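Below are some notes on the model, set out as numbered points. They cover two helices, the charged pairs and the enclosed space.

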Amino acid sequence: MEKQRLFSSASPLSYSSNSILSRNSLLLLITLLVILGVFLPWAGSPLFLFSNTNSPSSSFPSKWVDYSLAKATKFVAKNGTLIACTVSYPFFPFLNNWLISVSRQKHQDKVLVIAEDYATLYKVNSKWPGHAVLIPPALDSQTAHSFGSQGFFNLTSRRPEHLLQLLELGYKVMYNDVDMVWLQDPFPYLQGSHDVYFMDDKTAIKPLSHSHDLPPSARNGRTNICSCMIFLRPTNGAKLLMKQWIEELHAQPWSKSNKGNDQPGFNWALGKTAHQVDVYLLSQAAFPTGGVYFWNKTWVEETKGKHVIVHNNYIIGYDNKMKRFQDFGLWLVDDHALESPLGKLD
């Protein structure tokens with residue numbers, strides 16, 4: 001009888017505990033399903049294999065961690081020239097899109113991907129061995145995703161340091177952002193033997209026979225040259241410009257009130273070295289900014305057949321950039337992934 005009373009008095013508590021446990025288990029299961037639904041698409045990527053993309057993972061060959069810039073450049077350069085880009089992992093689809101367009105012009109073999117995180121380093125080299133190198137320290141991939149963020153500034157502000165190292169190794173370097181698409185071979189447009197070649201970032205239409213000199217400064221005393229497509233020869237002038245660019249970025253670091261990027265610093269550097277560096281402004285018709293190519297249909301029609309590299313700027317947001325490429329038939333990875341040396345992404 002005593003046993004029966006003890007069992008009876010314990011039964012409501014047992015039922016209540018089991019009920020709470022069941023609810024907690026259900027909530028845990030739902031949470032797990034949500035997490036899997038969000039992160040499962042990344043399961044095939046290096047980001048899923050290690051949580052900290054700033055550190056190398058034991059899951060991958062250590063040789064890529066020790067792969068030096070000198071070795072990488074020697075491997076990819078052709079006739080003393082290489083094509084460089086800097087990439088963090090979220091922009092991998094844009095890297096692949098750009099590579100397809102470069103491959104169509106038969107220049108993919110001289111591409112060097114400067115990986116800003118270990119995920120990019122391993123992913124590129126697993127599919128295309130030797131074509132990616134990481135210059136320490138590695139950055140946080142995710143914080144570099146958003147334009148105007150401190151992470152984005154940290155990524156872009158390393159650009160002149162990378163380029164200076166390549167010049168010091170003795171190479172001619174074409175730098176591209178990966179939100180670009182090649183429609184023709186750009187190398188025939190690099191006429192003469194100037195130190196630095198670049199494109200204007202203004203939307204005002206220039207005559208086809210415009211000057212190739214550095215454009216006049218705006219009211220703030222700064223030009224508006226795009227830092228996203230640059231060709232440099234390993235000359236004292238080009239090195240001087242890179243060093244001045246580095247100084248400008250150190251003098252104007254990112255802050256909440258000044259959410260900058262590397263381009264203003266590049267333009268200040270151009271102004272301060274104007275009489276010491278031999279510069280060449282590329283044809284606007286051949287190298288149009290996104291504010292011209294995507295906004296001015298009349299101009300695009302009038303200059304049809306002259307476009308060489310199109311830059312998808314003057315728009316903010318990863319998805320917005322992708323959609324605009326899609327709308328203009330310049331998003332190539334969906335139907336032409338096999339033309340990329342990286343192949344179809346998992």
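1. A residue counts as buried when its relative accessible area is under 20%. By that cut-off, the buried residues of α4 are F92, F94, L95, N96, N97, W98, L99, I100, S101, V102 and S103. That makes 11 of the 13 residues of α4, so the helix is mostly covered. The model is a predicted one, and the values here are computed from it.

2. The length of helix α4 (residues 92-104) can be checked against its residue count. With 1.5 Å a residue, its 13 residues should span 18 Å, because the expected span uses one less than the number of residues. The end C-alpha atoms are 19 Å apart, which agrees. After the helix comes K106, with a positive phi near 65 degrees.

3. Helix α7 (159-168) is also largely enclosed by the rest of the structure, since 7 of its 10 residues are buried. The buried residues are R159, P160, H162, L163, L164, L166 and L167. G170 follows α7 and has a positive phi, near 95 degrees.

4. How many salt bridges does the structure hold? The count is 8. Side chains of opposite charge can pair when their charged atoms come close. Three of these pairs are taken up in the next points.

5. E116 and R158 form a salt bridge through their side chains, at 2.7 Å from N to O. E116 sits in the loop between β2 (111-115) and α5 (118-127), and R158 in the loop between α6 (150-156) and α7, so the pair ties together parts that are 42 residues apart in sequence. Are the two partners buried or exposed? E116 has a relative accessible area of 0% and is buried; R158, at 10%, is buried as well.

6. A salt bridge also joins the side chains of K239 and E168, with an N to O distance of 3.7 Å. The pair links distant parts of the chain: K239 belongs to helix α8 (residues 236-251) and E168 to helix α7, 71 residues apart. K239 counts as buried because its relative accessibility is 17%, under the 20% cut-off. E168 counts as partly exposed, at 46% relative accessibility.

7. Helix α8 takes part in another salt bridge, between E248 in α8 and K272 in helix α9 (residues 262-272), so parts that are 24 residues apart in sequence are tied together. The N to O distance between these side chains is 2.8 Å. E248 is buried, with a relative accessible area of 6%. K272 counts as exposed because its relative accessibility is 51%, and the cut-off for exposed is over 50%.

8. What does a search of the whole structure find in the way of cavities of 30 Å³ or more? It finds 1. The volume of the largest cavity is about 40 Å³.

9. Which residues line the largest cavity? They are K206, P207, L208, H210, S283, Q284, A285 and W299. Sorted by class, the lining has 4 nonpolar, 3 polar and 1 charged residues. K206 is the charged one, because Lys is placed in that class.

Conventions. Residues numbered from 1 in each chain as written. Predicted model: local features only at pLDDT ≥ 70, side-chain atom pairs only at ≥ 80, totals over all residues. Heavy atoms only, no water. Helix = DSSP H or I, 4+ residues; strand = E, 2+ residues; numbered from the N terminus. Buried < 20%, exposed > 50% of the residue type's maximum accessible area, 1.4 Å probe, protein only. Salt bridge = Lys/Arg side-chain N within 4 Å of Asp/Glu carboxyl O. 1 Å grid on protein atoms, 1.4 Å probe; cavity = no way out; pocket = protein on both sides within 12 Å on 5 of 7 lines; lining within 4 Å. Points joined across faces, edges and corners; volume = space filled by probe spheres on them.
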